[in-house]
Amino acid sequence: MEAEVDKLELMFQKADSDLDYIQYRLEYEIKTSHPDSAGEKNPVTLLKELSAIKSRYQTLCARFTPVAAEQKETKSRICATLSKTMAVIQELQKQTELELSPLTDEEKTVTEQFKSHIPHL
C-alpha cells in the first residue's frame, strides 16, 4: 500500500513540474512569437487558467497527504489488533491444551505474508 502512495506522490510532483514547464514555455512563446496578437484569446488569460489548474493540482496533493497518513495509521492499527488476537488465541490454545490440525498450504502462505508485515512476530 505504501508503494502505491509513494507512486501517487511522485506522479503529482511530476504533474506539478510539467505544469511549471508548460507555463514557462507559454510565456516564452508569447514574448517571442506573438507580441501583438489581435483577435485571439488573451495570452494573459491563458496563463491565469494554467495557474488555476496548477492550484487545483496543489489542492489535490494537499488533500491526498492526510489520506495517505490515515491509511498508514489504519494499517498499523489493524496489524496491532491482529497481532494481539493471534497472541490471545495462542494463549488460549496453551491453557486448554488444544491439539490443532496442521495448517494448510494456504494458511501457511497467509501467515507468512502477515508475519512479513509485522516483523516482531
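**A three-helix predicted chain**

Let me begin with confidence in this predicted model: within the chain, helix H2, residues 43-96, has the highest mean pLDDT, at 84, whereas helix H3, residues 105-117, has the lowest, at 80, where pLDDT is the predictor's confidence in each residue, from 0 to 100. For the chain, the mean pLDDT is 79, with 85% of the residues reaching 70 or more. Where pLDDT is low, the predicted coordinates should not be read in detail.

A word on conventions. Residues are numbered from 1 along each chain as its sequence is written, and side-chain values use heavy atoms, with hydrogens and water left out. Because the model is predicted, local features need pLDDT of at least 70 and side-chain atom pairs count only at pLDDT 80 or more, while totals for chains, interfaces and linings use all residues.

As for the fold, the chain has 3 helices and 0 strands, in the order α-α-α from the N terminus; helices (H or I, at least four residues) and strands (E, at least two) are DSSP runs, numbered from the N terminus. Of the contacts in the chain with a separation of 6 or more, 78% join residues 24 or more positions apart, a contact meaning heavy atoms within 4.5 Å.

Of the 121 residues, 12% count as buried, that is, under 20% relative accessible area, with exposed over 50% and partly exposed in between (1.4 Å probe, protein chains only).

Is Lys54, in helix H2, buried or exposed? Lys54 counts as buried because its relative accessibility is 18%, and, leaving aside residues up to four places away in sequence, Lys54 touches Asp16, Leu19 and Asp20.
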